[in-house]
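I opened this entry to keep track of what I looked up in the model, item by item. My notes follow the order in which I checked things.

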Amino acid sequence: MQENPQRGSVQSIDRAVAILRCFDVRAPELGISDLARATGLSTSTVHRLLLAMQENGLVRQTDQRRYAIGPLVVQLAHNGGIPTGLRDAALPVLRALRDDTGETAAVHELLPSGQRVVLDQVESFHQLRRTYTEFGLPVALPLGAPGKALLAFLPFERQQEVLKGPLEQVQPATITDPEVLAEQFADIRLRGYAMSRVERTPGICSVAAPVFGYTGQVAGCLSVSGPETRMPVERMEEFGMTVAEGAWSVSELLGATPAARDRSTALAGGR
């Protein structure tokens, strides 16, 4: 039987992608035999694909006649064709979240210090709305849905350090009981999003979902927040699924994979 030309082209793309996935920080350069073993393809097939990929800048040949990621991939990463930062990757999704929910959507970044900051927002069109004003100012993680969405996916040991306190009570509804927070973290990992009702800012309720980087570790989160009068629990749960889907689309733009995310989530659960 003759091979379907269209299917043959698709198969070549699949195989080329499989070759590109072999390169990482531990294996920046690979030979034809290495790539054949990693992909399960024959050396002749790998050699043929590498020639075509090299012509298109997807791979390059090194001095040792091995192969590495090519200049086209690097160019796409630096010319704006591929968003490389959390804010740039998130902004189109924030606009869609604002339009879908009618409420203010924001992106938050996890700091090396173990705090978070608001990077940007797309405000609701309602006259009465949530408006962030503290851009760049560090916020403690246990406060509010964005912080809990980050903290729930940090390594288990890091969570334990935070839960040992002190845990600041900034509103009457702020949760400072470490056992209650630990239970919430488990629920957040299960459903994929966090909720808070007037826990940090007077009159404001929030829903947030984590964003993962290419290593699978949590890097930030997206949130939707609005006045308590427009955010009953049922509506927040609906928003939660929407925010989680949007956050994962940003994660994929940053290079995250389900396998890496799941490994990170398992570590966050102490497994």
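**Salt bridges**

I began with Asp262 and Arg261, whose side chains meet in a salt bridge at 3.1 Å from N to O; I am working from a predicted model, and I read every value below with that in mind. Asp262 counts as partly exposed at 43% relative accessibility, and Arg261 is also partly exposed, with a relative accessible area of 24%. I then noted that Asp34, Arg37 and Arg66 are joined into one network by salt bridges that share partners.

For the whole structure I found 13 salt bridges. One of them pairs Arg200 with Glu134, and the closest N and O atoms there are 2.5 Å apart. This pair links distant parts of the chain, since Arg200 sits in the loop between β6 and β7 while Glu134 sits in the loop between β4 and β5, 66 residues apart. I looked up the accessibility of Glu134 as well: its relative accessible area is 13%, and because the cut-off for buried is under 20%, Glu134 is counted as buried.

I next turned to helix α7, where Arg158 and Glu161 form a salt bridge of 3.2 Å, N to O. The two residues lie three apart in that helix, about one turn, and I recalled that an α-helix has 3.6 residues a turn, so residues three or four places apart point the same way. Arg158 is partly exposed at 27% relative accessibility, and Glu161 is partly exposed at 47%.

**The sheet**

I traced an open sheet of six strands in the order β5-β4-β3-β8-β7-β6, and its pairing is antiparallel. The edges are β5 (139–140) and β6 (194–197), each of which pairs on one side only. On the sheet packs helix α9 (residues 233–253), which touches β6, β7 (204–212) and β8 (218–227), and its direction makes about 25 degrees with that of β7.

Within the sheet I checked β3 (residues 104–110) against β4 (residues 115–122), and these strands pair in the antiparallel sense over six bridges. Val107 has Asp120 in β4 as its bridge partner.

At the other edge, β6 and β7 run antiparallel and are joined by four bridges, with Ala194 standing opposite Ala208 in β7. In a regular strand the side chains alternate between the two faces of the sheet. I saw this along β6, where Ala194 and Ser196 point to one face and are buried, whereas Met195 and Arg197 point to the other face and are not buried.

**Backbone points**

Which value does phi of Val198 take in the hairpin of β6 and β7? I found a positive phi near 55 degrees, in a hairpin that has six residues between the strands. I flagged it because most residues other than glycine have a negative phi, and most peptide bonds are trans. Val198 is buried, with a relative accessible area of 16%.

Arg65 also has a positive phi, near 60 degrees, without being a glycine, and its place is in the loop between β1 (59–61) and β2 (67–69). Arg65 is exposed, with a relative accessible area of 63%.

I noted a cis peptide bond from Gly165 to Pro166, with omega near 5 degrees, and Pro166 lies in the loop between α7 and α8.

**Cores and helix α10**

I listed the largest nonpolar core, which has 25 residues, and those with the most contacts inside it are Leu94, Leu97, Val211, Leu222, Val243 and Val250. At least two residues of this core come from each of α5 (86–101), β3, β7, β8 and α9, and α5 gives the most, with seven. Another core of 23 residues lies apart from it, and among its members are Leu110, Ala145, Val218 and Trp248.

In helix α10 (residues 258–268) I marked Ala260, Ser264, Thr265, Ala266 and Ala268 as buried. Their cover includes α7 (156–163), α8 (178–191), β7 and β8. Just after α10, Gly270 takes a positive phi of about 80 degrees.

**Record check**

Last, I looked at the UniProt annotation, from an unreviewed entry, which gives "domain: HTH iclR-type" for residues 10–71. In the model that span is 53% helix and 10% strand, and its end C-alpha atoms lie 23 Å apart.

Conventions
Residues are numbered from 1 along each chain as its sequence is written. This is a predicted model: local features need pLDDT of at least 70, side-chain atom pairs count only at pLDDT 80 or more; totals for chains, interfaces and linings use all residues. Side-chain values use heavy atoms; hydrogens and water are left out. Two strands pair if DSSP finds at least two bridges between them. Contact means heavy atoms within 4.5 Å. Axes are lines fitted to C-alpha atoms, for helices over the stretch in contact, and angles run from 0 to 180 degrees between N-to-C directions. Buried means under 20% relative accessible area, exposed over 50%, partly exposed in between (1.4 Å probe, protein chains only). A salt bridge is a side-chain nitrogen of Lys or Arg within 4 Å of a carboxyl oxygen of Asp or Glu. UniProt positions are given in the numbering used here, feature names are shortened, and annotations may be inferred rather than shown by experiment. A nonpolar core is a set of buried Ala, Val, Leu, Ile, Met, Phe, Trp, Tyr and Cys residues joined through side-chain atoms within 4.5 Å.
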